[in-house]
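Q: Could you take me through one buried spot in this model and then work outwards from there? I'd like to see how the parts around it fit together.

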Amino acid sequence: MASKGTVIVTGGSQGIGAAVVHSFLKQGYNVVATSRNVSQAGFAPSENLALVDGDIAQEATAKAVVETAVSRFGSVDHLVANAGIFISKPFVDYTAEDFKSLVSTNVEGFLYVTQFAVKQMLAQGKGGSVTGITTSMVANPNAAIGASVAMITKGGVTAALLNLASEYAKQHIRFNAVAPGIVDTPMHANNPKDFLKTLSPMGTISSSQDIADAVVYLTEAKNVTGEVLHVDGGSHVGSW
């Protein structure tokens, strides 16, 4: 069966990223997955999967990932900019190191790989898509979770995606975001589930697969661009 195209997935070794990788493989795509140690993540070997170890916040890693996609599979058709970290603190307690870490992974980890991917899509002339993973807290904060400085980075990426959707609409390169609420990932392994359930009106915690399903939808929705798709049990609709 012919491949549906090539998808790059950053932060692909666990949680949402790993679910996204598996979902695209099942859908018949070639996948290039990257994270610092993605080659040790336990993915079954596949002729449709390439793994690139490295820090996606480094421009050299981002370049290597895109070059791997082109050399191994011949194109870059879609990018899922999933790599991200979250640091929750009261605003006055964030340190300079916290801020640098957030900017490095969440902003630089989006910027460089997206630049290289878009350049490749433009050269191919067939359009494509970029899907970012942000959070419903960008526009719908919750006083129970101190996340103001983290939202500088996630909000910035959301704003960039919306601007890019306009900038490259005529080239049919689409830019969208999935905005999760609480997701059952290693990031929340030590948080009480009963508390996490209070953070959405539905009283639910999303699975990584819930987010991956939304990513696949946006990747394949040929007339959807500039969209922020909330997968958060309704928390973006306001207080409850």
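A: Let's start with Thr114, which counts as buried because its relative accessibility is 4%, and the cut-off for buried is under 20%. Keep in mind as you look that this is a predicted model. Thr114 is found in helix 3, which covers residues 96-124. Setting aside neighbours within four places in sequence, Thr114 is in contact with Leu79, Val130 and Phe175. Those partners are worth placing on the chain: strand 4 runs over 78-81, strand 5 over 128-133 and strand 6 over 173-180.

Staying in helix 3, turn next to Thr105. Thr105 is buried as well, since its relative accessible area is 12%. Beyond its neighbours within four places in sequence, Thr105 is in contact with Ala57, Ala83, Gly84, Ile85 and Phe110.

Ala83 in that list makes a good next stop. Ala83 sits in the loop between strand 4 and helix 3, and with a relative accessible area of 15% it is buried. Leaving out neighbours within four places in sequence, its contacts are Thr10, Gly11, Ile56, Thr105 and Asn106. Here is a distance you can check on screen: Ala83 and Gly109 are 26 residues apart in sequence, while their C-alpha atoms are 6.7 Å apart in space.

Strands 4, 5 and 6 come up again when you move to helix 6. The buried residues of helix 6 pack against strand 4, strand 5 and strand 6, and also against helix 1 (15-26) and strand 7 (228-231). If you want to colour those buried residues, they are Ser208, Ile211, Ala212, Ala214, Val215, Val216, Leu218 and Thr219. The length of helix 6 can be checked too: at 1.5 Å a residue, its 13 residues should span 18 Å, and because the end C-alpha atoms are 19 Å apart, the two values agree.

Helix 6 also takes part in a salt bridge. Glu220, in helix 6, pairs with Lys4, which lies in the segment before strand 1 (6-10), so this salt bridge links distant parts of the chain, 216 residues apart. The closest N and O atoms of Lys4 and Glu220 are 3.6 Å apart. Lys4 counts as partly exposed because its relative accessibility is 46%, and Glu220 is likewise partly exposed, with a relative accessible area of 32%.

The structure holds 3 salt bridges, so here are the other pairs, judged by a nitrogen within 4 Å of a carboxyl oxygen. The side chains of Lys89 and Asp98 meet with an N to O distance of 2.6 Å. Lys89 is partly exposed at 27% relative accessibility, whereas Asp98, at 12%, counts as buried.

Asp55 and Arg36 form another salt bridge, at 3.5 Å from N to O. This pair links distant parts of the chain, 19 residues apart: Asp55 is in the loop between strand 3 (49-53) and helix 2 (59-73), and Arg36 is in the loop between strand 2 (30-35) and strand 3. Arg36 counts as exposed because its relative accessibility is 53%, while Asp55, at 21%, counts as partly exposed.

Now go back to strands 5 and 6 for a look at an opening in the model. The second largest pocket has a volume of about 280 Å³. Of the 14 residues that line this pocket, the closest to its centre are Lys126, Gly127, Gly128, His172 and Arg174. Strand 5 and strand 6 are the elements that give two or more residues to the lining of the second largest pocket. Sorted by class, that lining has 2 nonpolar, 8 polar and 4 charged residues.

One last stop takes you past the strands. Gly238 is found in the segment after strand 7 and is partly exposed, with a relative accessible area of 25%. Gly238 and Asn140 are 98 residues apart along the chain, yet their C-alpha atoms are separated by 6.9 Å.

To retrace the route from where we began: Thr114 in helix 3 is in contact with Leu79, Val130 and Phe175, and strands 4, 5 and 6 are among the elements that the buried residues of helix 6 pack against.

Notes: Residues are numbered from 1 along each chain as its sequence is written. This is a predicted model: local features need pLDDT of at least 70, side-chain atom pairs count only at pLDDT 80 or more; totals for chains, interfaces and linings use all residues. Side-chain values use heavy atoms; hydrogens and water are left out. On a 1 Å grid over the protein atoms alone, a cavity is a set of points where a 1.4 Å probe fits but cannot get out, and a pocket is an open set with protein on both sides within 12 Å along at least five of seven lines; lining residues have an atom within 4 Å of a point. Grid points are joined across faces, edges and corners, and a volume is the space filled by probe spheres set on the points. Helices (H or I, at least four residues) and strands (E, at least two) are DSSP runs, numbered from the N terminus. Ala, Val, Leu, Ile, Met, Phe, Trp, Tyr, Cys and Pro count as nonpolar, Asp, Glu, Lys and Arg as charged, and the others, Gly among them, as polar. Buried means under 20% relative accessible area, exposed over 50%, partly exposed in between (1.4 Å probe, protein chains only). The expected span of a helix is 1.5 Å times one less than its number of residues. Contact means heavy atoms within 4.5 Å.
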